[in-house]
Amino acid sequence: MKRTPMDHVKYFISEKLLQFGWGPTQEKEVVLDVGCGPGGNTLQLVLPLFPQAEKIFAIDFLPDMIEFARNHNYHPLIEYSVANIENWSMVEQWKGQISKLISIHCVHWLKDKKRGFQNMFQLLKPGGEAALCFLMSSPIFVATLELESNPKWSKFFNDVDNFVPDTHINKHESSRYIKMLEDIGFDILHYEEEMKSDPFSSDEEYRDFSASLCALTSHVPSHLKEEFKEDLFQEMLKLCGRDSSGRPVHRANIIEVVARQRYRDVTSEHSPSIAGLLEFVLKQHESYFGTDFVFLNRGQMMRTTLHLAPTLPNFRTISNGRTFGPLKSCKKVLDPELYSSKQTPLDHVKYFISEKLPQLGWGQTQEKEVVLDVGCGPGGTAFQLILPLLSQAEKILAIDMLPNMIEFARIHNYHPLIEYSVANIENWSAVEQWKGQISKLISIHCIQWLKDKRRGFQNMFELLKHRGEMAFSFVMESPVCASILALEINPKWSKFFKDIDDFVSDDHINKYESSRYIKMLEEIGFDILYFDEEVKSNPFSSDEEYRDFFASICALTSHVPSHQREEFKDDLFQEMLKLNGRDSNGRPVYRANIIEVVARKREIK
């Protein structure tokens with residue numbers, strides 16, 4: 001069994017928190033440990049950090065955890081209680097009394113993290129601080145999903161909650177939770193996301209530790225349990241490997257946050273937010289984290305991946321005293337001239353419009369079609385690709401929400417068949433004039449920018465004629481988003497981006513799967529004729545073309561003072577180059593996960 005806390009936990013509590021003023025003080029502080037489990041961290045790490053505390057309250061919503069803690073990790077300063085941080089009625093007795101709140105490897109289990117954070121905020125005294133360490137992704141979740149679907153074991157897991165958290169399932173980014181904390185009223189003092197490695201002393205220790213954290217273990221019949229633990233151990237070993245000394249290593253993507261309650265009045269509603277609290281039975285073990293969990297009342301969870309989530313390209317650390325301001329909505333400003341520095345459309349866009357769409361019957365009719373290009377930008381795609389494909393069209397309407405893009409398109413990509421207009425597809429009043437008139441609708445690299453994609457798709461549906469078709473290509477995940485996020489928090493540049501919307505799409509932030517949008521389209525009334533998702537590679541002819549193109553689609557560029565803008569473009573270029581690299585000819589390459597869809601408006605009977 002794992003008899004001592006994990007290395008990264010020991011470092012966070014015993015060293016990192018000291019750097020932020022946590023530790024022995026003459027003030028009689030009241031401390032709360034949220035999600036204390038069997039009490040090992042509370043006794044071995046939290047208590048030594050606060051030996052002068054008036055009281056250390058330690059809560060967990062599993063009664064058997066608290067019973068174990070009281071029996072095996074007792075100390076007169078520590079008071080263990082059964083309580084769920086998401087349920088205000090269970091913790092309101094400490095409202096405004098807590099000086100320091102600590103939570104280790106608990107937050108990722110919360111079903112309603114915002115409610116949990118709000119309750120933590122209300123428990124703190126004015127200026128009180130919270131230290132959180134929790135998992136964003138972990139191989140234990142990957143291994144759990146793998147064994148859950150293995151025919152050898154799956155028969156034992158019907159109606160069992162695998163308890164794989166939403167942070168892993170939905171591939172949420174840590175920025176989601178930083179913003180959540182700030183919106184509630186916390187100032188962020190420290191923030192770090194990193195892949196942490198913790199070696200174990202033996203295979204047996206790692207095997208038992210992994211089995212204790214897997215929600216499926218207790219559902220396996222006792223005569224097969226050792227075999228199940230061995231299979232789980234082998235899955236974990238495949239994902240995590242061993243260190244140079246041959247010891248098994250546990251690796252997980254961990255976020256650490258230290259936050260202070262902002263001095264202002266915040267009101268929130270406190271009512272139980274969980275439809276039903278999960279009940280557990282914990283088989284008592286003799287040591288730290290030595291527990292098998294029983295999970296009842298399974299809520300169905302879709303398996304999304306068999307692979308350990310890769311290290312995020314935009315891992316970032318906030319140094320002592322650094323805080324983010326919450327992002328505010330603002331008008332998007334892009335440079336059409338820089339955007340058009342890429343003289344020809346991206347290779348995958350050319351192939352999609354000029355080759356794939358003709359295979360699906362586009363451009364094969366003499367009918368005088370009315371075509372709509374949604375998100376036309378500076379007009380290059382409409383003029384160079386859509387016009388040749390649909391040269392028999394009666395009219396090609398091209399819209400973009402940015403007036404400077406439309407002005408540029410009218411001047412530089414004029415054609416008598418193309419009519420450029422300022423309009424936002426999410427705003428029905430801006431496009432309703434074309435209701436039921438559009439034969440073909442096309443949208444290239446626009447949909448990822450929409451704030452309300454369902455509304456956008458619904459409006460597209462309404463614009464199409466009976467059995468009209470739409471084709472779109474948009475970015476699900478892109479290194480340009482990771483680069484923007486990295487530069488946005490770089491101290492060299494961050495001062496220029498206060499209250500600025502970085503326009504990084506929700507697809508990138510939330511790691512949505514493409515199936516989300518296919519389902520959305522079908523629910524609205526589309527039949528899917530073609531669907532492809534693939535990482536596309538597009539080489540650029542020169543560093544300068546690459547640099548200018550991505551500076552043009554970075555929402556931050558225009559907010560940098562003009563005398564520093566070239567330097568910013570260079571930094572953005574270097575970030576992109578780190579993530580994308582070059583091809584065999586030395587040309588910079590842009591790689592992005594692209595979804596392509598062709599859909600027809602379903603006949604409504």
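**Two covered helices and a few loop residues**

Okay, let's start with helix α6: its buried residues are Pro139, Ile140, Phe141, Val142, Ala143, Thr144, Leu145, Leu147 and Glu148. Keep in mind that this is a predicted model.

So how many of the residues in α6 are buried? Nine of the 10, with the helix running over residues 139-148, and that makes α6 mostly covered. What do those buried residues pack against? There are helices on the list, namely α7 (151-154), α8 (166-169), α10 (203-213) and α11 (225-240), and also β5 (124-137) and β7 (249-261).

Let's pick up α10 from that list. α10 is mostly covered too, with eight of its 11 residues buried. Those are Glu205, Tyr206, Arg207, Asp208, Phe209, Ser210, Ala211 and Ser212.

Now, some backbone angles. Most residues other than glycine have a negative phi. Here are two that go the other way. His445 has a positive phi, near 55°. You'll find His445 in the loop between β14 (438-444) and α17 (453-463). Is His445 buried or exposed? His445 counts as buried because its relative accessibility is 15%, and the cut-off for buried is under 20%.

The other one is Arg467, with phi near 60°, again positive. Arg467 belongs to strand β15, residues 464-477, and is partly exposed at 41% relative accessible area.

Last stop, Lys498. Where is Lys498? In the loop between α18 (479-488) and α19 (506-510). Lys498 has a relative accessible area of 65%, so we call this lysine exposed. Between Lys498 and Glu488 there are 9.3 Å in space, C-alpha to C-alpha, and the two are 10 residues apart in sequence.

Definitions and conventions. Residues are numbered from 1 along each chain as its sequence is written. This is a predicted model: local features need pLDDT of at least 70, side-chain atom pairs count only at pLDDT 80 or more; totals for chains, interfaces and linings use all residues. Side-chain values use heavy atoms; hydrogens and water are left out. Buried means under 20% relative accessible area, exposed over 50%, partly exposed in between (1.4 Å probe, protein chains only). Helices (H or I, at least four residues) and strands (E, at least two) are DSSP runs, numbered from the N terminus. Contact means heavy atoms within 4.5 Å.
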